[in-house]
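Reader: I'd like to learn how to read helices and a ligand shell in a model like this one. Could you walk me through it?

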Amino acid sequence: MITAEISEIFVSIQGEGLYCGQKQVFLRFAGCNLNCVYCDEPAAHVKRCQAPFYGHRSQVIGCKSQVTSHKSQEELRAERTNYREMSVASAAAEVIQLARKNRAKAVSLTGGEPLLNWGFIMKLAPALRKAGLAVHLETNGIFYRELSKVKNLVDVVAMDIKLPSSTGQKPFWREHSEFIKTAPEKTFVKVVLTSKTSLHDFTKAVKLTASVPGIVPFFLQPATRRTLPAGAVRPPTGVFLEKACCEASSRLPVVRLLPQQHPKWGVK
Ligand code: SF4
């Protein structure tokens, strides 16, 4: 029986991107293949120590080079947080029950990185859709082979483009380029900006988004002090944001500057 490590299932208001303000059920997978300096999500840290053992878990198609972490196995182990090992049936039942109780019409599969569990999503998404829920996938935009497996089963792909100057990670331009081509008609893009973000990286992300046919909405998400761990990088300046907005608007039809809203609303 296929299972996944799920850190939480809850109802809230979407605070980012194209569906900002929509009530949704969130299913948060534990674990992530990245280690962004601005990450404020403890669930991401659960499987950082496990992700390199793709062959063992036999769920991820992507290559090992897509996993980056500068932390030692000891440090990574120390970061483990709680999660539940859930079956598809139990996860689906919990999501559907919450959605009905709270009149939510969509579910966000988030993380961590949900595509680490693409096999689980292949079984889960049809059950959620059958119950009348739109399925949104929130992803770091790297596992394009895995996206190709699930793209027909989801309704929206919220894709991050990870700028190396923002994340402190290696670049993933080739993976992002493949990823955005996989389901552009369902995709919108988000880039997180910090005081370290370079305009060069940002422009590359804009060009990459402009390279696919159709309209792919593009969101600039400045990191806020709340979302940045203490001692990490700072939010970007207003001058930088103006330049970045101008650059994006010169090449893309739909560009929005939108910091995370849910902290302002006092919701999860
Ligand atoms: S990709 Fe997202 S969840 Fe993973 S480390 Fe980066 S910010 Fe955290």
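Author: Gladly! Keep in mind that this is a predicted model. Let's begin with length: at 1.5 Å a residue, the 13 residues of helix 4 (residues 118-130) should span 18 Å, and the end C-alpha atoms are 18 Å apart, so the two agree.

Reader: Where in helix 4 is there a kink, and of about how many degrees?

Author: Look at Leu124, where helix 4 has a kink of about 25°. The proline Pro126 follows shortly after that point.

Reader: Which residues of helix 4 are buried?

Author: Trp118, Phe120, Ile121, Leu124, Ala125 and Leu128 are. Leu124 is thus both the site of the kink and one of the buried residues.

Reader: And what do the buried residues of helix 4 pack against?

Author: Their partners are strand 1 (3-13), helix 3 (88-102), strand 4 (106-110), strand 5 (134-139) and helix 5 (144-150). Just after helix 4, you will also find Gly132 with a positive phi of about 90°.

Reader: How do I read the sides of a helix?

Author: Start with the general idea: an α-helix has 3.6 residues a turn, so residues three or four places apart point the same way. Now take helix 3, where the buried residues are Val88, Ala91, Ala92, Val95 and Ala99. They cover an arc of only 95° around the axis, which puts them on the same side of helix 3.

Reader: Which exposed residues does the face turned away from the buried side of helix 3 carry?

Author: That face carries Ala89 and Lys101. The buried residues, in turn, pack against strand 1, strand 2 (23-29), strand 3 (84-87), strand 4 and helix 4.

Reader: Can I repeat the length check on helix 3?

Author: Please do! With 15 residues at 1.5 Å each, helix 3 should span 21 Å, and its end C-alpha atoms are 21 Å apart, which agrees. Just after helix 3 comes Arg103, with a positive phi of about 55°.

Reader: Which residues surround the ligand?

Author: The shell consists of Cys32, Leu34, Asn35, Cys36, Cys39, Glu41, Ala44, Gly111, Gly112, Glu113 and Asn140. By character, five are nonpolar, four polar and two charged.

Reader: How many helices and strands does the protein chain have?

Author: There are 10 helices and nine strands. Of the 268 residues in the protein chain, 42% are buried. Among contacts with a separation of 6 or more, 77% join residues 24 or more positions apart.

Technical notes: Residues numbered from 1 in each chain as written. Predicted model: local features only at pLDDT ≥ 70, side-chain atom pairs only at ≥ 80, totals over all residues. Helix = DSSP H or I, 4+ residues; strand = E, 2+ residues; numbered from the N terminus. Expected span 1.5 Å × (residues − 1). Bend = angle between axes of the 7 residues up to and from the residue. Buried ≥ 20, exposed ≤ 12 C-beta atoms within 10 Å, placed from the backbone. Contact = placed C-beta atoms within 7 Å. Arc of directions from axis to C-beta. Near = placed C-beta within 6 Å. Nonpolar A, V, L, I, M, F, W, Y, C, P; charged D, E, K, R; others polar.
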